[in-house]
Amino acid sequence: MAYIIKHESDYNTEGGFQSNDNIMCYRRKAIKAGDVIELEIYPVYHSRKKDGPELKGLPNKEKYRRYNLKQSGKMYQRLMNANFGPRDLHVTCTYAGAELPTQEQCERDMQNFIRRINHKRKKEGLPPAKYMYVIEGKTDEDKRTRVHSHLILEGGLDRDTIETLWRAGSQKGAPRGTCNADRLQPGDMQLTALATYLMKDPKGRKRWKPSKNLKKPEVYISDTAIKRKHIAQLASGAANPKEYWQKQYPGYILRDMQIKTNPYLSGAAVTVQLQRIPTRC
């Protein structure tokens, strides 16, 4: 029976690549999200016998927790790349100094904010907006938890209107705080960089929620697309990564490649990020 390493955390060091006939093939998982293609490549083994010590590298409870957090961040990043572009907005919403809402209250405020946005869009003849928001809570010096929100929002309404709709949610005339709406800048993996920043490990809790009308990333899995010798060449430096991947994916440019190994396991785990080369008008 074939055995595949399913957790990226099983490979966590650089260098020390070991080739082994026990590797049956490399499984390539390609995720296409907008102009970005990500590749996750792992070895598939004939059996566990020759690579028995890999049991030391299997995920424990803490590794599972980190793994799940990382997968959540990846999904957030991929949904952003698949659904948003230069016509869309990054909206940051805060509360005035006197307001100290809980994260639950902040989430209710965001839902009401989005309802006001969609009500306005309906008046303008626009469909319900695609969106993703993150609620972040941090504890200040006085041990008070302050929350703010980041909303990735489909374009259609001007920025002044969006900012006014946030302030319209204040209660009893109290100031709601600031709302800044900026255009997204998708070039040079900037959406990926923004998603990584928004999903950074916070001191407080963090929640994110997408709208139901988002397009899902496309996923393709193959056990024949990548040859074992090519992984060995890339790991040893015998092959030029940029030339190799851009030949495999014409029209795309290599943005990042990481090769991870494990002293107890043969083969390597490879992650690749490619971005479509923009066409000039």
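Is Trp245 buried or exposed? With a relative accessibility of 0%, Trp245 counts as buried. Welcome to this structure, which is a predicted model. The protein chain has 281 residues, and 43% of them are buried. Along the chain there are 6 helices and 11 strands. Among contacts between residues at least 6 apart in sequence, 73% bring together residues at least 24 apart. The points below walk through two helix pairs, some aromatic rings, and a few residues in loops and in helix 6.

**Helix 2 and helix 3**

- Let us start with helix 2, which covers residues 103-123, and helix 3, which covers residues 159-167. The axes of these two helices are 9 Å apart, and the helices pack at an angle of about 135°.
- That angle makes helix 2 oblique to helix 3.
- As for handedness, helix 2 and helix 3 cross in a right-handed way.
- On the helix 2 side, the contact is made by Asp109, Met110, Phe113, Arg116, Ile117 and Lys120. On the helix 3 side, Thr161, Ile162, Leu165 and Trp166 take part.
- Sorted by class, this contact of helix 2 with helix 3 has 6 nonpolar residues, 1 polar residue and 3 charged residues.

**Aromatic rings**

- The structure holds 5 aromatic pairs.
- One of these pairs is formed by Phe113 and Trp166. Their rings are 5.3 Å apart, centre to centre, with 70° between the planes, and the pair is edge-to-face.
- Phe113 belongs to helix 2 and Trp166 to helix 3, so this pair ties together parts that are 53 residues apart in sequence.
- Phe113 counts as buried, because its relative accessibility is 0%. Trp166 also has a relative accessibility of 0%, so Trp166 counts as buried.
- Another edge-to-face pair is made by Tyr244 and Trp245, with 4.7 Å from centre to centre and 80° between the planes.
- Tyr244 has a relative accessibility of 13% and so counts as buried. Its partner Trp245, at 0%, counts as buried as well.
- Phe113 and Trp166 also join Tyr95 in one aromatic cluster.

**Helix 1 and helix 4**

- Now turn to helix 1, residues 61-83, and helix 4, residues 190-198. Their axes come within 9 Å and cross at roughly 145°.
- The crossing of this pair, helix 1 and helix 4, is right-handed.
- Helix 1 contributes Tyr76, Gln77, Met80 and Asn81 to the meeting. From helix 4 come Leu191, Thr192, Leu194, Ala195, Thr196 and Leu198.
- By class, the contact of helix 1 with helix 4 has 6 nonpolar and 4 polar residues, and no charged residues.

**The loop before helix 4**

- A little background helps here: most residues other than glycine have a negative phi.
- Asp188 has a positive phi, near 50°, although Asp188 is a residue other than glycine. You will find Asp188 in the loop between strand 7 (179-183) and helix 4.
- Met189 has a positive phi too, with a value near 65°. Met189 sits in the loop between strand 7 and helix 4.
- How do these two residues stand towards the surface? Asp188 is exposed, with a relative accessible area of 52%. Met189, with a relative accessible area of 9%, is buried.

**Glu124 in its loop**

- Look for Glu124 in the loop between helix 2 and strand 5 (131-139).
- Glu124 is partly exposed, and its relative accessible area is 48%.
- Glu124 and Gly156 are 32 residues apart in sequence, while their C-alpha atoms are 8.9 Å apart in space.

**Gln246 in helix 6**

- Gln246 is part of helix 6, which runs over residues 241-248.
- The relative accessibility of Gln246 is 23%, so Gln246 counts as partly exposed.
- Leaving aside neighbours within four places in sequence, which residues is Gln246 in contact with? They are Tyr252, Ile253 and Leu254.
- Gln246 and Leu274 are 28 residues apart along the chain, and 8.4 Å separates their C-alpha atoms.

Key. Residues numbered from 1 in each chain as written. Predicted model: local features only at pLDDT ≥ 70, side-chain atom pairs only at ≥ 80, totals over all residues. Heavy atoms only, no water. Axes fitted to C-alpha atoms, helices over the stretch in contact; angles between N-to-C directions. Helix = DSSP H or I, 4+ residues; strand = E, 2+ residues; numbered from the N terminus. Parallel < 35°, antiparallel > 145°, perpendicular 65-115°, else oblique. Left-handed = near helix turned anticlockwise from the far one by under 90°. Contact = heavy atoms within 4.5 Å. Nonpolar A, V, L, I, M, F, W, Y, C, P; charged D, E, K, R; others polar. Phe/Tyr/Trp six-rings, centres within 6.5 Å; stacked < 30°, edge-to-face > 60°. Buried < 20%, exposed > 50% of the residue type's maximum accessible area, 1.4 Å probe, protein only.
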